[in-house]
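Please open the model in your viewer and keep the sequence panel visible. The tour below proceeds by selections, each followed by an account of what is found there.

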Amino acid sequence: MNNTDKLQKKLAFAAKVMRCLPEVASKGYISVWPDIIYSPEELLEQAPALKKFKATGQDIAKMDKILEWLRPLDSFETKLVWKRANNVPWKVISRDFHSDRTTLWRKYQCALVKALSHVPSQDRDFLGGDDD
């Protein structure tokens, strides 16, 4: 596994942690709709709720460190890398960026190499660890 593959795994981990953070909501606005009360039969018919991954403080610290590696990228590269970290299909990305899949893949690989070249030497061992 080369370093770009390791970086992709770390970015996917950071995206997962980002999805687990609580949503930002405006203060002072509440919902006036009543909560739905389900009967026992309705509860049995529902699909079981998936257990949500809870981000710990250590996970958030790792995410912050990983996101710092994206700072040298320009906005286009950052959006491209972040979309791939969130598993957005290439077809959707090519439509969003109005570009060919192969061109975007090449730009994505260049962006990963650019981000890797700016990873500090003390974080190189963190990049190699598979402790997510």
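Is Phe-97 buried or exposed? Select Phe-97 to begin: its relative accessibility is 18%, and because buried means under 20%, Phe-97 counts as buried. The model on display is a predicted one.

**First stop: the aromatic pairs**

Two aromatic pairs are present in the structure. Add Phe-76 to the selection: the ring centres of Phe-76 and Phe-97 are 4.9 Å apart and their planes stand at 70°, so this pair is edge-to-face. Phe-76 belongs to helix H4 and Phe-97 to helix H5, so the pair ties together parts that are 21 residues apart in sequence. Phe-76, at 28% relative accessibility, counts as partly exposed.

Next, select Trp-90 and Tyr-108, which form an edge-to-face aromatic pair with 5.5 Å from centre to centre and 75° between the planes. This pair links distant parts of the chain, with Trp-90 in helix H5 and Tyr-108 in helix H6, 18 residues apart. Trp-90 and Tyr-108 are both buried.

**Second stop: Leu-104 and Leu-80**

Keep the aromatic residues on display and select Leu-104, which lies in helix H6. Leu-104 has a relative accessible area of 0% and is therefore buried. Beyond residues up to four places away in sequence, Leu-104 touches Phe-76, Leu-80, Trp-90, Ile-93, Ser-94, Phe-97 and Ser-99. A distance label between the C-alpha atoms of Leu-104 and Trp-90 should read 8.3 Å, although these residues are 14 apart along the chain.

Move to Leu-80, one of the residues that Leu-104 touches. With residues up to four places away in sequence again set aside, the residues touched by Leu-80 are Trp-90, Ile-93, Phe-97, Leu-104, Lys-107 and Tyr-108.

**Third stop: the nonpolar core**

In soluble globular proteins, nonpolar side chains tend to be buried together. Here, the largest nonpolar core contains 26 residues. To find the residues with the most contacts inside this core, select Leu-7, Leu-11, Ile-66, Leu-80, Val-81 and Ile-93. At least two core residues come from each of helix H1 (3-20), helix H3 (57-68), helix H4 (75-85), helix H5 (90-97) and helix H6 (101-117).

**Fourth stop: how the helices pack**

Two packed helices are described by the angle between their axes and the distance between the axes.

Display H4 with H6. Their axes come within 9 Å and cross at roughly 100°, which makes H4 roughly perpendicular to H6. On the H4 side, the contact is made by Phe-76, Glu-77, Leu-80, Val-81 and Arg-84. On the H6 side, Leu-104, Lys-107, Tyr-108, Ala-111, Leu-112 and Lys-114 take part.

Now replace H6 with H1. H1 and H4 pack at an angle of about 80°, with their axes 8 Å apart, and H1 is thus roughly perpendicular to H4. Where do H1 and H4 meet? Leu-11, Ala-12, Ala-14, Ala-15 and Met-18 in H1 meet Val-81, Trp-82 and Ala-85 in H4.

Finally, show H1 with H3. The angle between H1 and H3 is about 125°, and their axes are 9 Å apart; the two helices are therefore oblique to each other. Their crossing is left-handed. H1 contributes Lys-10, Leu-11, Phe-13, Ala-14, Val-17 and Met-18 to the contact, while H3 contributes Asp-59, Ile-60, Lys-62, Met-63, Ile-66 and Leu-67.

**Fifth stop: Arg-19**

Remain on helix H1 and select Arg-19, which is found there. Apart from its neighbours within four places in sequence, Arg-19 is in contact with Lys-52 and Asn-86. The C-alpha atoms of Arg-19 and Phe-53 are separated by 9.3 Å, and the two residues are 34 apart along the chain.

**Last stop: two loop residues**

Most residues other than glycine have a negative phi. Select Asn-87 in the loop between H4 and H5: its phi is near 60°, a positive value in a residue other than glycine. Asn-87 is exposed, with a relative accessible area of 59%.

Then select His-98, in the loop between H5 and H6. The phi of His-98 is also positive, near 55°. With a relative accessible area of 75%, His-98 is exposed.

Key:
Residues are numbered from 1 along each chain as its sequence is written. Side-chain values use heavy atoms; hydrogens and water are left out. A nonpolar core is a set of buried Ala, Val, Leu, Ile, Met, Phe, Trp, Tyr and Cys residues joined through side-chain atoms within 4.5 Å. Buried means under 20% relative accessible area, exposed over 50%, partly exposed in between (1.4 Å probe, protein chains only). Helices (H or I, at least four residues) and strands (E, at least two) are DSSP runs, numbered from the N terminus. Contact means heavy atoms within 4.5 Å. Rings of Phe, Tyr and Trp (its six-membered ring) pair if their centres lie within 6.5 Å; planes under 30 degrees apart count as stacked, over 60 as edge-to-face and the rest as tilted. Axes are lines fitted to C-alpha atoms, for helices over the stretch in contact, and angles run from 0 to 180 degrees between N-to-C directions. Angles under 35 degrees count as roughly parallel, over 145 as roughly antiparallel, 65 to 115 as roughly perpendicular and the rest as oblique. A crossing is left-handed if the near helix is turned anticlockwise from the far one by less than a right angle, and right-handed if clockwise.
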